[in-house]
Amino acid sequence: MAYDFQVAIDSADPHAQADWWAETLGWTVEPQDAAFIKSMIDQGYATEAETTTHNGALVWASGAAIRHPESDRRVLFQTAPESKTVKNRVHLDVRVGDEKREAEVERLTARGATQLWRGQQGPHSWVTMADPEGNEFCVA
């Protein structure tokens with residue numbers, strides 16, 4: 001049996017990370033339902049301290065998700081109590097092709113990513129980078 005899944009990434013600022021990655025991948029930030037959030041507060045299931053305002057909208061403070069525009073693929077960014085201290089065990093590969101790789105590395109660097117190193121295995125090469133919170137990813 002196959003299962004649906006999402007990738008969840010711990011972050012200090014899930015809304016900023018969702019914005020950054022949505023723009024990076026050409027995905028969309030999943031909207032949150034302010035009326036639902038308010039009803040959860042009114043019913044005592046949540047508190048205003050669990051919310052924040054992001055880009056003028058009431059949202060849950062602890063998470064934000066992005067979605068592929070044409071599928072159910074989803075990445076969730078969630079708050080974590082600790083900061084990142086070691087290399088990721090799982091990372092995203094942004095696959096743009098050899099002919100677009102350098103332009104993409106330049107574009108992402110201009111948007112706050114950091115180039116860490118370059119790798120090659122046989123005919124395949126990539127650039128390992130870090131997003132604005134230090135999470136490693138590859139541009140291939």
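How many salt bridges does the structure hold? I looked that up before anything else, and I got seven. A note to self: this is a predicted model.

**Entry: the annotation**

I checked the UniProt record next. Its unreviewed entry carries the annotation "domain: Glyoxalase-like" for residues 6-139. Over that stretch I found 25% helix and 36% strand. The C-alpha atoms at the two ends of it sit 20 Å apart.

**Entry: salt bridges**

Back to the charged pairs. A reminder from class: side chains of opposite charge can pair when their charged atoms come close.

I started with Glu 23 and Arg 111, which form a salt bridge with 3.1 Å between the closest N and O atoms. This pair links distant parts of the chain, 88 residues apart. Glu 23 belongs to helix H1 (residues 14-25), while Arg 111 is in the loop between helix H3 (98-110) and strand E8 (114-121). Is Glu 23 buried, exposed or partly exposed? I got a relative accessible area of 49%, so I wrote down partly exposed.

Then I went to Arg 74 and Glu 30, whose side chains meet in a salt bridge at 2.6 Å, N to O. They are 44 residues apart: Arg 74 is in strand E6 (residues 74-79), and Glu 30 is in the loop between strand E2 (28-29) and H2. Arg 74 is partly exposed at 21%, and Glu 30 also counts as partly exposed, with 21% relative accessibility. I also saw that Glu 30 and Arg 74 are linked with Arg 67 in a network of salt bridges.

One more pair went into the notebook: Glu 136 with Lys 84, closest N and O atoms 3.3 Å apart. Glu 136 is in strand E10 (residues 136-139) and Lys 84 is in the loop between E6 and strand E7 (92-94), with 52 residues separating them. Glu 136 is buried, its relative accessible area being 12%, whereas Lys 84 is partly exposed at 33%.

**Entry: helix H2**

Which residues of helix H2 are buried? In this helix (residues 34-42) I listed Ile 37, Met 40 and Ile 41. Looking down the axis of H2, I saw these buried residues fall within an arc of 100 degrees, so they line one face of the helix. That fits the textbook: an α-helix has 3.6 residues a turn, so residues three or four places apart point the same way.

The face of H2 turned away from the buried side carries Ala 35 and Asp 42, which are exposed. I then looked for what covers the buried residues of H2, and the cover includes strand E3 (51-54) and strand E4 (57-60).

I checked both ends too. At the start of H2, a side-chain oxygen of Asp 33 comes within 3.1 Å of the backbone nitrogen of Ala 35. After the helix comes Gly 44, with a positive phi near 85 degrees.

**Entry: sheet and hairpin**

In what order do the strands of the open four-stranded sheet run? I traced E1-E6-E5-E2, with mixed pairing. E1 and E2 stand at the edges with a single partner strand each, so one side of each has no neighbour in the sheet. At the E2 edge, two bridges join E2 to strand E5 (residues 63-67), and the two run antiparallel. Val 29 has Ile 66 in E5 as its bridge partner.

Over at E8, I found antiparallel pairing with strand E9 (residues 124-130) over seven bridges. Thr 114 stands opposite Ala 130 in E9. E8 and E9 make a hairpin with two residues between them, and Gly 122 in the turn has a positive phi of about 60 degrees.

**Entry: two single residues**

I clicked on Ser 11 in strand E1 (residues 7-11). Ser 11 is buried, with a relative accessible area of 4%. Leaving out residues up to four places away in sequence, its contacts include Gln 17, Phe 77 and Glu 133.

Last stop: Asn 55, in the loop between E3 and E4. Its phi is near 50 degrees, positive although the residue is not glycine. I marked that one because most residues other than glycine have a negative phi. Is Asn 55 buried or exposed? Its relative accessibility is 66%, so I put it down as exposed.

How values were computed:
Residues numbered from 1 in each chain as written. Predicted model: local features only at pLDDT ≥ 70, side-chain atom pairs only at ≥ 80, totals over all residues. Heavy atoms only, no water. UniProt positions renumbered as here; feature names shortened; annotations may be inferred. Buried < 20%, exposed > 50% of the residue type's maximum accessible area, 1.4 Å probe, protein only. Arc of directions from axis to C-beta. Contact = heavy atoms within 4.5 Å. Polar contact = N/O pair within 3.5 Å; in protein donor to acceptor, adjacent residues only side chain to side chain. Salt bridge = Lys/Arg side-chain N within 4 Å of Asp/Glu carboxyl O. Pairing = 2+ DSSP bridges.
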